[in-house]
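Got the viewer open? Let's walk through this one together, a selection at a time.

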Amino acid sequence: MPLKKFRRNGQGNYYIRGTVQGQHIYESTGTSIAAQADAIRIRREAEILERGAFGKAKTLTLAEAALTYMEAGGEARFIGPILEFAGPDTMIEEIDNAWIRKAAEAIYPDRASNTVNRQLITPISAIISMLADEGLATPRKFKRRKGENIRTRWLTPEEAEALISAAAPHILPAIGFMLGGGCRSAEALTVQMRHFYPATGEAWLPDTKNGRPRMIQLPDRALELVRALPLPDDGPICRTPRGKAYVMRSNGGGQISAAFTNACEAAGLDPKEVTPHVLRHTWATWFYAQTKDFGGLLDLGGWQKADMAQRYRKIAPADLASRLRRRGWDFTLLGERAEAQVEPAPKAPGLRVVK
């Protein structure tokens, strides 16, 4: 029987119901307007008939495939802009390198090559690879962008202090963890009070991006920022303006992006260049400029490969170490602070002559 529209109890959104090509349909149109519901009913019936004639692989849309991909646990973070550009009718068969170029120009016209690769080409490739494994798409390889992929921006001590002065109080602890300990923003926002050791300036990060737990060490200036607000009795140290823990989204982020952008603008920094992740690049540059300890950079930064750490530390002027030290960013004292907390062993009792 063909699809028919109807309303439950004669009100609300229209539903469509019926059997087409042996497929039973019972679903909401999402609209209470009769004309729109009819258009949806007609298009849905046509889709089923077309799929019956040409097969699912030839009539599968990107929107359908993306939904299946996300339901299977695929990363959803960058799917939204892609689907907004593609619309509901773009077929998987239409997606090729020419389509990717048009999508990149529309979605990321002024973004770096690595952004296009990560946020457009990688998710599209993952969706089509999933379909190819199920025999629903032809395997294909997309050309990745080449060019300037290495972030070179880092903050001078003067720029960092301007940012700190302009920042809202509730993001100062996160800035302290990022600038002083090399944390990623998600790592900074989830540092737990039970994993923070103020006496030694250390914090334990059990859940990191690459799955390698690590201990970070904070210089005095960073500790000042972490203590900018009263420390909680338990739970995460970094809180929203209302004192609540941040909600961490799977494969998501941006919890402090608005406040960070406002601070950048107030400090005279370009928020397009200076993002929270720039603080991790800044930490790597500062730490190595003062310590020249590449092994420590790898361990404290949590990098598994030396070439990745090399990308984060930048060439710095010779006076950077002293300029940092004058402002309390002394990374050479980290180990000394920890050693100072170790209680000396009790002295052995002196010998006494027994008569």
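A word to settle before the first click: a residue counts as buried when its relative accessible area is under 20%, as exposed when it is over 50%, and as partly exposed in between. Also keep in mind that what you are looking at is a predicted model.

**Stop 1: helix α3 and what follows**

Select residues 62–71, which is α3. Which of its residues are buried? Color Leu-62, Ala-65, Ala-66 and Tyr-69, and you have them. Now turn the view so that you look down the axis of α3: the buried residues fall within an arc of 100°, so they line one face of the helix. To see what covers them, bring up α4, α5 (97–107) and α6 (113–133), which are among the covering elements.

Just after α3, click on Gly-73, which has a positive phi of about 100°. Keep going to Ala-76, in the loop that leads from α3 to α4 (79–86). Ala-76 comes out as partly exposed because its relative accessible area is 36%, a value between the 20% and 50% cut-offs. Try a distance label here: the C-alpha of Ala-76 is 8.5 Å from that of Pro-123, although 47 residues separate the two along the chain.

**Stop 2: zoom out**

Show the whole chain as a cartoon. You should be able to pick out 16 helices and six strands. Of the 355 residues in the protein, 41% are buried. Take the contacts with a separation of 6 or more: 61% of them are between residues 24 or more positions apart. Switch on a surface, and you have about 19700 Å² exposed, with carbon and sulfur atoms supplying 52% of it.

**Stop 3: the cores**

Next, select Phe-177, Trp-286 and Trp-329. These are the residues with the most contacts inside the largest nonpolar core, a set of 55 residues. Which helix gives this core its largest share? That is α12 (residues 278–291), with seven residues. There is also a second, separate core of 27 residues, and Tyr-69, Ala-103, Tyr-108 and Leu-131 are included in it. Tyr-69 should ring a bell, as one of the buried residues of α3.

Go back to Trp-286 and show its neighbors. Leaving aside residues up to four places away in sequence, Trp-286 touches Trp-154, Leu-155, Thr-156, Pro-157, Ala-160, Leu-179, Leu-320, Leu-324, Trp-329 and Phe-331.

**Stop 4: helix α8**

Two names from the last stop, Phe-177 and Leu-179, belong to the buried residues of α8, so select residues 172–181. How many of the ten residues of α8 are buried? Ten of the ten are, so the helix is largely enclosed by the rest of the structure. The buried set includes glycines as well: Gly-176, Gly-180 and Gly-181. Step past the end of α8 to Gly-182, where phi is positive, near 70°.

**Stop 5: strands β1, β2 and β3**

Now head for the start of the chain and select β2 (residues 14–20), a mostly covered strand with five of its seven residues buried. On one pairing, β2 runs antiparallel to β1 (residues 4–7), over four bridges. The hairpin of β1 and β2 has six residues between the strands, and there Asn-9 takes a positive phi near 60°. β2 also pairs with β3 (residues 23–28), again antiparallel, through six bridges.

Tyr-15 is a handy marker for both pairings. Opposite Tyr-15 you will find Phe-6, and in β3 Tyr-15 stands opposite Ser-28.

**Stop 6: the β4-β5-β6 sheet**

Last stop: an open sheet of three strands, ordered β4-β5-β6 and paired antiparallel. β4 (196–197) and β6 (214–217) are the edge strands, each pairing on one side only. Four bridges connect β5 (residues 202–205) and β6, and Trp-204 has Met-215 in β6 as its bridge partner.

Finish on Glu-202, which sits in β5. Is Glu-202 buried or exposed? It is buried, because its relative accessible area is 16%, under the 20% cut-off. Its side chain makes a polar contact of 3.5 Å with the side chain of Gln-217. Beyond four places away in sequence, Glu-202 touches His-195, Phe-196, Tyr-197, Met-215, Ile-216 and Gln-217.

Methods:
Residues are numbered from 1 along each chain as its sequence is written. This is a predicted model: local features need pLDDT of at least 70, side-chain atom pairs count only at pLDDT 80 or more; totals for chains, interfaces and linings use all residues. Side-chain values use heavy atoms; hydrogens and water are left out. Two strands pair if DSSP finds at least two bridges between them. Buried means under 20% relative accessible area, exposed over 50%, partly exposed in between (1.4 Å probe, protein chains only). A polar contact is a pair of N or O atoms within 3.5 Å; within protein, one must be able to donate a hydrogen and the other to accept it, and residues adjacent in sequence count only if both atoms are side-chain atoms. Contact means heavy atoms within 4.5 Å. Accessible areas come from the Shrake-Rupley method with a 1.4 Å probe; for residues, only the protein chains shown count as cover. A nonpolar core is a set of buried Ala, Val, Leu, Ile, Met, Phe, Trp, Tyr and Cys residues joined through side-chain atoms within 4.5 Å. The arc is that of the directions from the helix axis to the C-beta atoms.
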